[in-house]
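Trainee: I am new to this structure. Can we go through it step by step?
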Number of protein chains: 2
Amino acid sequence: METIPDLRSYGGADAYLRNCASREVLDFLSSKWVCLTIGALRPGTMRFSELRRRLDGITQKMLTQSLRDCERNGLVLRTVYPTVPPRVEYRLTDLGQSLAGLTDAIRIWSESHMSDIQVAQGEYDERAARAPEPV
Amino acid sequence: METIPDLRSYGGADAYLRNCASREVLDFLSSKWVCLTIGALRPGTMRFSELRRRLDGITQKMLTQSLRDCERNGLVLRTVYPTVPPRVEYRLTDLGQSLAGLTDAIRIWSESHMSDIQVAQGEYDERAARAPEPV
DNA sequence: CGGTATCCTTTCTGATACTG
DNA sequence: CAGTATCAGAAAGGATACCG
């Protein structure tokens, strides 16, 4: 017989609680390059240098770190071919694939609502500048 | 007649480019508390103190900052009732609602795949400990 | 109640140099 | 090619005190 402790969240996990492990997962997914890294790997296998070109502005260090973290969390698989020079390929695991659709949705939302947000920012800043304090 | 410049991304926006404004939007959505803040407001209006209790572990400063940023980006509406003591209510805008489903999906993924990730971490760390360097 | 302001620590990030 | 190592600056985040 199985225990089903709390069906409001999954397996008792609740990211709103500070000590729940899912909070750490969410924090990891919120790091700067994870969304773009996962998204870049979604179509298929890529080499390190290909990823570096795709993720415009990323440094070697951050790409390495992002890929290592993704690998450690089971999202990305790293394959080294012992050639000279070395060839290293990255691809999503099944777990990574199950996430990629969701992160891509966030990225596409960012792209498609970019101008809405710019308008909102402009209005907010103008209001803030016009009414610094009610004297 | 409409101009449709580049259909690979939305309105020409491409978060993979470092200077595209959508990159900033994506970075903002990747900040630590945004996902939980938006998610907490999804069911309806909430007061500051209610949010603070819901987002376990958040400091007053970070909640204020997160809400201000969301407000500035047009995701959240802030309403002040000039009573004593003051009553301040927060709710999602239509733009915020259009995002909330996506961020909630990420949070739920984190909760439902938490144990998969913990297993992956354990395996990765064990491999790293067992093969520190091929001598 | 719902904040601001300040200080301080930690984490993140980038730049640079070097390596098998 | 695909990293690692180190350093320094920037940014994020937290603790605390105070305010209308």
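Trainee: What percentage of the residues of chain A count as buried?

Mentor: Keep in mind that this is a predicted model. A residue counts as buried under 20% relative accessible area. Chain A has 135 residues, and the share that counts as buried is 43%.

Trainee: In what order do the elements of chain A run from the N terminus on?

Mentor: Start with the inventory: chain A has six helices and three strands. Now read them from the N terminus on: the order is α-α-β-α-α-β-β-α-α.

Trainee: How much of the area that chain A exposes do carbon and sulfur atoms supply?

Mentor: Take the total for chain A, about 7,900 Å². Of that area, carbon and sulfur atoms supply 51%.

Trainee: Turn to chain B. Which are the edge strands?

Mentor: Three strands of chain B form an open sheet, ordered β1-β3-β2, with antiparallel pairing. An edge strand here pairs on one side only. The edge strands of chain B are β1 (46-47) and β2 (76-81).

Trainee: Which residue stands opposite B:Arg47?

Mentor: Look at β1(B) and β3(B), residues 87-92, which pair in the antiparallel sense over two bridges. The residue opposite B:Arg47 lies in β3(B) and is B:Glu89.

Trainee: Which helix lies across β1, β2 and β3 of chain B?

Mentor: Check two helices. Helix α4 of chain B, residues 60-72, lies across β2 and β3, at about 115° to β2(B). The helix across β1, β2 and β3 of chain B spans residues 34-41 and runs at about 95° to β3(B): this is α2.

How values were computed
Residues are numbered from 1 along each chain as its sequence is written. Chains are lettered from A and ligands numbered from 1 in the order in which they are written. This is a predicted model: local features need pLDDT of at least 70, side-chain atom pairs count only at pLDDT 80 or more; totals for chains, interfaces and linings use all residues. Side-chain values use heavy atoms; hydrogens and water are left out. Helices (H or I, at least four residues) and strands (E, at least two) are DSSP runs, numbered from the N terminus. Buried means under 20% relative accessible area, exposed over 50%, partly exposed in between (1.4 Å probe, protein chains only). Accessible areas come from the Shrake-Rupley method with a 1.4 Å probe; for residues, only the protein chains shown count as cover. Two strands pair if DSSP finds at least two bridges between them. Contact means heavy atoms within 4.5 Å. Axes are lines fitted to C-alpha atoms, for helices over the stretch in contact, and angles run from 0 to 180 degrees between N-to-C directions.
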